[in-house]
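Please walk through this model with attention to the empty spaces inside it, to the helices that pack together around them, and to one unusual backbone position.

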Amino acid sequence: VAVFVAAMFDGVRRFAQRAAATKAGFVFLSGAFFVTFALFSATSFQLDHYTVILFPFAAILCGQFLAQRLAGPQDGRGLLAAQILLGTLLLVLALGLSVYVGNVDVLAAEGCILLLMAGMAWGRRRQMRENLLLLLPLTGILAVYTFLVLTTMLTFMRVGVAHNVATQLAALPDATVYVYRMDIVARELGLYRSAPAVAVEDLAQLPARGDYVLLASGALLAEPGAYLAGATQLGQGRWAVHKTGTFPRLLRLARGEEALDDILILQIKGVD
């Protein structure tokens, strides 16, 4: 962020002094970034990952700016201070969150990143300015993304309904699964199984005959008229039907503090 702001300020300030090709490149990259950003900002369907396409344009501008600064005179104390501050904050944030969640695998990954970057910094100890300007922010960013990716993956593997149900149904690869009042789970099962997964909102939509698997909340059996003849319980678990939400909810799920849903896996045979 700090580098991009500095790169844009420097590019505008020195625009008249640069060669025609450099000017054209700056106009193209800046236009590609800001015009596309404005278009996304004006739409009603704003999702974070839509902005991923903008990052390469900003990265090229930042890379050129940093290369010029590292090759030129030893100035730019403000930028150096901003990089040190942001890099340190990111690193502290990643380590603090890793300790807070308390997942051994995440902590081990963060430790490996720190050791790797410390080794690189020691090997480049004569280029300390470059380490502070580039390596420290890179370490902080990698630490944050490692925490986010690993924590999300490990948490969803533990509490995700579709992943755990598919694991328990590995012995029945061709069984059709009917998912009762959990349409998002029915869609997710398609990522794990080749057999059909059908969402139903009413028990009357279930087949009158045939063998199939029913996935439903444990509260189903307490509903009036929910008795299912020929039902055999294949599995059960406490999982999260809706995994997404706010960041604090992800942390609660990762720490095992969020309330989970009781899910039943039933095999239905010869229902009339």
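In this predicted model, helix H6 gives the most to the lining of the largest pocket, contributing seven residues. Besides H6 (128–159), the elements that give two or more residues to this lining are helix H1 (2–13), helix H2 (20–42), helix H3 (55–71) and helix H4. The pocket holds about 1000 Å³ of space, and of the 26 residues that line it, Val1, Ala2, Phe55, Cys62 and Ile141 are the closest to its centre. By class, 22 of the lining residues are nonpolar and four are polar, while none is charged.

The second largest pocket encloses about 190 Å³ of space, and its lining consists of Leu148, Phe156, Lys243, Thr244, Gly245, Thr246, Phe247 and Leu250. Here H6 appears again, since the elements that give two or more residues to this lining are H6 and H9. The lining of the second largest pocket divides into four nonpolar, three polar and one charged residues.

Helix H9 (residues 247–255) also packs against helix H4 (residues 77–101), with the two axes 9 Å apart and at an angle of about 45°. Because of that angle, H4 is oblique to H9. On the H4 side the contact is made by Leu97, Tyr100 and Val101, and on the H9 side by Phe247, Leu251, Ala254 and Arg255. Phe247 thus takes part in this helix contact and also lines the second largest pocket. Sorted by class, the contact of H4 with H9 has six nonpolar residues, no polar residues and one charged residue.

Which helix does H1 meet at roughly 75°? The partner is H3, and the axes of H1 and H3 come within 9 Å of each other where they cross at that angle. Since angles of 65 to 115 degrees count as roughly perpendicular, H1 is described as roughly perpendicular to H3. H1 brings Val3, Phe4, Ala6, Ala7, Met8 and Asp10 to the contact, and H3 brings Ala58, Leu61, Cys62, Phe65, Leu66, Gln68 and Arg69. By class, these residues comprise 10 nonpolar, one polar and two charged. Cys62 of H3, which belongs to this contact, is also one of the residues closest to the centre of the largest pocket.

The pair H1 and H3 leads on to an enclosed space. The model has one cavity of 30 Å³ or more, and the largest cavity holds about 50 Å³ of space. Its lining is made up of Ala7, Asp10, Gly11, Arg18, Phe26, Leu61, Gln64, Phe65 and Gln68. H1 and H3 each supply at least two of these lining residues, and H3 gives the most, with four. Among the cavity residues, Ala7, Asp10, Leu61, Phe65 and Gln68 also serve in the contact between H1 and H3. The cavity lining divides into four nonpolar, three polar and two charged residues.

A last point concerns the backbone. Most residues other than glycine have a negative phi. Arg181, although not a glycine, has a positive phi of about 55°. Arg181 is placed in the loop between strand S1 (177–180) and helix H8 (183–189). Is Arg181 buried, partly exposed or exposed? With a relative accessible area of 48%, Arg181 is partly exposed, because exposed is reserved for values over 50% and buried for values under 20%.

Conventions
Residues are numbered from 1 along each chain as its sequence is written. This is a predicted model: local features need pLDDT of at least 70, side-chain atom pairs count only at pLDDT 80 or more; totals for chains, interfaces and linings use all residues. Side-chain values use heavy atoms; hydrogens and water are left out. Axes are lines fitted to C-alpha atoms, for helices over the stretch in contact, and angles run from 0 to 180 degrees between N-to-C directions. Angles under 35 degrees count as roughly parallel, over 145 as roughly antiparallel, 65 to 115 as roughly perpendicular and the rest as oblique. Contact means heavy atoms within 4.5 Å. Ala, Val, Leu, Ile, Met, Phe, Trp, Tyr, Cys and Pro count as nonpolar, Asp, Glu, Lys and Arg as charged, and the others, Gly among them, as polar. On a 1 Å grid over the protein atoms alone, a cavity is a set of points where a 1.4 Å probe fits but cannot get out, and a pocket is an open set with protein on both sides within 12 Å along at least five of seven lines; lining residues have an atom within 4 Å of a point. Grid points are joined across faces, edges and corners, and a volume is the space filled by probe spheres set on the points. Buried means under 20% relative accessible area, exposed over 50%, partly exposed in between (1.4 Å probe, protein chains only).
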